Amino acid sequence: MSGLKRLGTVVFVLANALAIAALSLTWFGPWTKEASALFNLEPYAVAVLVCLSVSALGMIILLGRALFARRTVRTVEIATVDGGVISVTRDAIAAQASHIVEADGSCTAARVRVDAKQRGHIRVHVRVLPHETVDVVVKGAELHEELIDGLAAVCGDKVEDVSLEFVEPESVTVSSAQDEEDEATVEQPRREAPVPDTTSEITVSMSPAREAEREA
């Protein structure tokens, strides 16, 4: 359900609930007089009228969809042979599209939507989930061509449109240049601090008095 449809459904349900509550309190309950007196207030009366208008509009829309909405097509006629009809189901088309996307193992078909009329005009929308970071332009063009050719084996020339939607990959790969830089940084030897020479001698100069005492 899209965001607009979700919002419309929430507004329709709330409007119905408020309108029913406002009218019911005037007929049932211990506060019928108080609920009826509230209609003398213009803001309250206008709010209830708005809720009733939204409810009426929503019911008209639901009735129109029930009467004039297209019937869901489960099978599509592909060709006729000797008076007979060759048809394929939407599930078979979706399975073929998923198989094509996942053939090389680099991507997964997260969702496949097939819009079709009974006598053709098939539209396929595939949501692609890459396992790693890919070039969307290159990979998208490659998958689009593969889908057109692969679906032709199932649907013939009835495929009218194929669209792809790439989502965030499962894991992000670092570019090769960054890999080489990181590798060079890791392999670079560490500079060790110079170690003092423990074998060096320490000399101390002696005063003349100590030299004379030493000679004696």
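**Exercise 1. Contacts along the chain**

Task: In this predicted model, what share of the contacts between residues at least 6 apart in sequence joins residues at least 24 apart?

Solution.
- Step 1. Take the contacts in the chain between residues at least 6 apart in sequence; of these, 58% join residues at least 24 apart.
- Step 2. Put beside this the make-up of the chain: seven helices and five strands.
- Step 3. Along the sequence these elements follow the pattern α-α-α-β-β-α-β-β-α-β-α-α.
- Step 4. The chain has 216 residues, and 19% of them are buried.

**Exercise 2. Confidence**

Task: Which helix has the lowest mean pLDDT among the elements of the chain, and which has the highest?

Solution.
- Step 1. Begin with the whole chain: the average pLDDT is 79, and 77% of the residues score at least 70.
- Step 2. Go on to the elements. Helix H7 (residues 208-215) has the lowest mean, 44, while helix H3 (residues 42-68) has the highest, 92.
- Step 3. Look for stretches with pLDDT below 50. Residues 186-193 form one such stretch, and beyond near neighbours in sequence it has zero contacts in the model.
- Step 4. Residues 195-216 also stay under 50, and the model has two contacts for them beyond four places in sequence.
- Step 5. Where pLDDT is low, predicted coordinates should not be read in detail.

**Exercise 3. Two helices checked by length**

Task: What end-to-end span should helix H3 have at 1.5 Å a residue, and what span should helix H5 have?

Solution.
- Step 1. The expected span is 1.5 Å times one less than the number of residues.
- Step 2. H3 has 27 residues, so it should span 39 Å; its end C-alpha atoms are 39 Å apart, in agreement.
- Step 3. H5 (residues 136-155) has 20 residues, so it should span 28 Å; its end C-alpha atoms are 26 Å apart, which agrees.
- Step 4. Turn to burial in H3. Its buried residues are Val48, Cys51, Ser55 and Gly58, and what covers them includes helix H1 (3-24).

**Exercise 4. The faces of H5**

Task: Which residues of H5 are buried, and which exposed residues lie on the face turned away from the buried side?

Solution.
- Step 1. List the buried residues: Lys139, Gly140, Leu143, Leu147, Gly150, Leu151 and Cys155.
- Step 2. Look down the axis of H5. The buried residues fall within an arc of 120 degrees, so they line one face of the helix.
- Step 3. On the face turned away from that side are the exposed residues Val137, Val138, Glu145, Asp149 and Ala153.
- Step 4. Check the two ends. At the start of H5, a side-chain oxygen of aspartate 135 comes within 3.2 Å of the backbone nitrogen of valine 137. After H5 comes glycine 156, with a positive phi near 65 degrees.

**Exercise 5. Salt bridges**

Task: How many salt bridges does the count come to, and which parts does the pair of aspartate 104 and lysine 139 tie together?

Solution.
- Step 1. A pair counts if a side-chain nitrogen of Lys or Arg is within 4 Å of a carboxyl oxygen of Asp or Glu. By this rule there are four salt bridges.
- Step 2. One of them joins the side chains of aspartate 104 and lysine 139, at 2.5 Å from N to O. Aspartate 104 is in the loop between helix H4 (90-101) and strand S3 (107-117), and lysine 139 is in helix H5, so the pair ties together parts 35 residues apart in sequence.
- Step 3. Compare burial. Lysine 139 is buried, at 8% relative accessible area, whereas aspartate 104 is partly exposed, at 45%.
- Step 4. Another salt bridge is formed by glutamate 165 and arginine 127 (3.6 Å, N to O). Glutamate 165 is in strand S5 (residues 159-166) and arginine 127 in strand S4, so this pair ties together parts 38 residues apart in sequence.
- Step 5. Glutamate 165 is partly exposed, at 29% relative accessible area. Arginine 127 is partly exposed too, at 30%.
- Step 6. Arginine 113 and aspartate 115 also form a salt bridge, with their closest N and O atoms 3.6 Å apart.

**Exercise 6. Histidine 125**

Task: Is histidine 125 buried or exposed, and which residues does it contact beyond four places in sequence?

Solution.
- Step 1. Locate histidine 125: it is in strand S4 (residues 120-130).
- Step 2. Buried means under 20% relative accessible area. Histidine 125 has 18%, so it is buried.
- Step 3. Leaving aside neighbours within four places, histidine 125 contacts Arg111, Val112, Arg113, Ser163 and Glu165.
- Step 4. Pick out the polar contacts of its side chain. One is with the side chain of serine 163, at 2.8 Å; another, at 3.1 Å, is with the side chain of glutamate 165.
- Step 5. Glutamate 165 was met in Exercise 5, in the salt bridge with arginine 127.

How values were computed: Residues numbered from 1 in each chain as written. Predicted model: local features only at pLDDT ≥ 70, side-chain atom pairs only at ≥ 80, totals over all residues. Heavy atoms only, no water. Helix = DSSP H or I, 4+ residues; strand = E, 2+ residues; numbered from the N terminus. Buried < 20%, exposed > 50% of the residue type's maximum accessible area, 1.4 Å probe, protein only. Polar contact = N/O pair within 3.5 Å; in protein donor to acceptor, adjacent residues only side chain to side chain. Contact = heavy atoms within 4.5 Å. pLDDT = per-residue confidence, 0-100. Arc of directions from axis to C-beta.
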